[in-house]
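Please open the structure in your viewer and keep the sequence panel visible. The tour below proceeds by selection, from the whole chain to individual side chains.

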Amino acid sequence: MRVRRTNPFANYTLSIAEQYESTRQRVEEAEKKPARKVYHSMDAMLQECVFLGATRFGTNYIA
């Protein structure tokens, strides 16, 4: 009969590795940039904010 020996720190190490992986996934998810809003017409953009034109089309933009 063979006695099976296990590492006493295996569960501890696996627990740390699982916590690291879940933290890494949450940080990766938090660093994702949100999708950029798309305007299909100038009127739709201007209804939201007049100043969006200057940031999107440059400083020479006239509303």
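Begin with a cartoon view of the entire chain: from the N terminus on, its elements follow the order α-α-α. This is a predicted model, and it contains three helices and zero strands.

Next, display the accessible surface of the chain. About 6600 Å² is exposed, and carbon and sulfur atoms supply 56% of that area. Colouring by burial will pick out few positions, since buried residues make up 6% of the 63 residues in the chain.

**First stop: a nonpolar patch**

Select Phe9, Tyr12 and Ile16. These residues form a nonpolar patch on the surface, and together they have about 360 Å² of accessible area. Now centre on phenylalanine 9, which is found in the segment before helix H1 (10-30). Is phenylalanine 9 buried or exposed? Its relative accessible area is 55%, and it therefore counts as exposed, the cut-off being over 50%.

**Second stop: charged pairs**

Side chains of opposite charge can pair when their charged atoms come close. How many salt bridges does a search of the whole structure find? The search finds three, and each can be visited in turn.

Select glutamate 21 and arginine 24 and show their side chains. They meet in a salt bridge with an N to O distance of 2.6 Å. The two residues are three apart in helix H1, so about one helical turn separates them. Glutamate 21 is partly exposed, at 30% relative accessibility, and arginine 24 is likewise partly exposed, at 33%.

Keep arginine 24 selected and add glutamate 28. A salt bridge joins these side chains as well, at 3.1 Å from N to O. Both residues belong to helix H1, where they are four residues apart, about one turn of the helix. Glutamate 28 has a relative accessible area of 48% and is therefore partly exposed. With Glu21, Arg24 and Glu28 all displayed, one network is in view, joined by salt bridges that share partners.

**Last stop: glutamate 29 and lysine 32**

Finally, select glutamate 29 and lysine 32. Their side chains form a salt bridge, with 3.5 Å between N and O. Which side chains take part in this pair, and are they buried or exposed? Glutamate 29 is exposed, as is lysine 32.

To close the tour, return to the full chain and its three helices, with the side chains of Glu21, Arg24 and Glu28 still shown as one network.

How values were computed
Residues numbered from 1 in each chain as written. Predicted model: local features only at pLDDT ≥ 70, side-chain atom pairs only at ≥ 80, totals over all residues. Heavy atoms only, no water. Patch = residues over 30% accessible without salt bridge, like charges linked within 9 Å, V, L, I, M, F, W, Y side chains within 5 Å. Areas by Shrake-Rupley, 256 points an atom, 1.4 Å probe, with all protein chains shown as cover. Salt bridge = Lys/Arg side-chain N within 4 Å of Asp/Glu carboxyl O. Buried < 20%, exposed > 50% of the residue type's maximum accessible area, 1.4 Å probe, protein only.
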